[in-house]
Amino acid sequence: MKELMDKLEQQNLTVQDYGTLMKVIQASLQRGAIRADELTTVGKLYEKLQYMIQKTQKENDNAGLSKTDN
């Protein structure tokens with residue numbers, strides 16, 4: 001059972017994974033790997049990743065505050 005739980009945990013995306021995906025998008029754009037007609041879709045994905053990073057950081061900050069308030 002522990003082995004299964006470890007495998008499931010490995011499937012979850014982390015904040016670091018979101019950051020890596022953003023870097024992949026940036027590098028792809030710089031190298032011309034994304035066509036102009038794909039930019040809207042890629043831009044929306046980039047914004048979602050950025051939002052998830054900000055949301056997670058804010059949640060972590062808020063969790064830290066609640067721990068010190070107790």
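Patches are made of residues with over 30% relative accessible area and no salt bridge, with like charges joined within 9 Å and nonpolar side chains (Val, Leu, Ile, Met, Phe, Trp, Tyr) within 5 Å. The model is predicted, so local features need pLDDT of at least 70 and side-chain atom pairs count only at pLDDT 80 or more, while totals for chains, interfaces and linings use all residues. Residues are numbered from 1 along each chain as its sequence is written, and side-chain values use heavy atoms, leaving out hydrogens and water.

One nonpolar patch, of about 460 Å² (Shrake-Rupley method, 1.4 Å probe, with only the protein chains shown counting as cover for residues), is made by Met-1, Leu-4, Met-5 and Leu-8. Met-1 lies in the segment before helix H1 (2-11); helices here are DSSP runs of H or I with at least four residues, numbered from the N terminus.

Turning to the interior, the largest nonpolar core comprises seven residues: Tyr-18, Met-22, Ile-25, Ile-34, Val-42, Leu-49 and Ile-53. Helix H2 (15-30) and helix H3 (39-69) each supply at least two residues of this core. Such a core is a set of buried Ala, Val, Leu, Ile, Met, Phe, Trp, Tyr and Cys residues joined through side-chain atoms within 4.5 Å, where buried means under 20% relative accessible area, exposed over 50% and partly exposed in between (1.4 Å probe, protein chains only).

Three salt bridges (a side-chain nitrogen of Lys or Arg within 4 Å of a carboxyl oxygen of Asp or Glu) are found in the whole structure. Lys-2 pairs with Asp-6 at 3.2 Å, N to O. Arg-35 bridges to Asp-37 at 3.2 Å and to Glu-38 at 3.5 Å, and these shared partners join Arg-35, Asp-37 and Glu-38 into one network.
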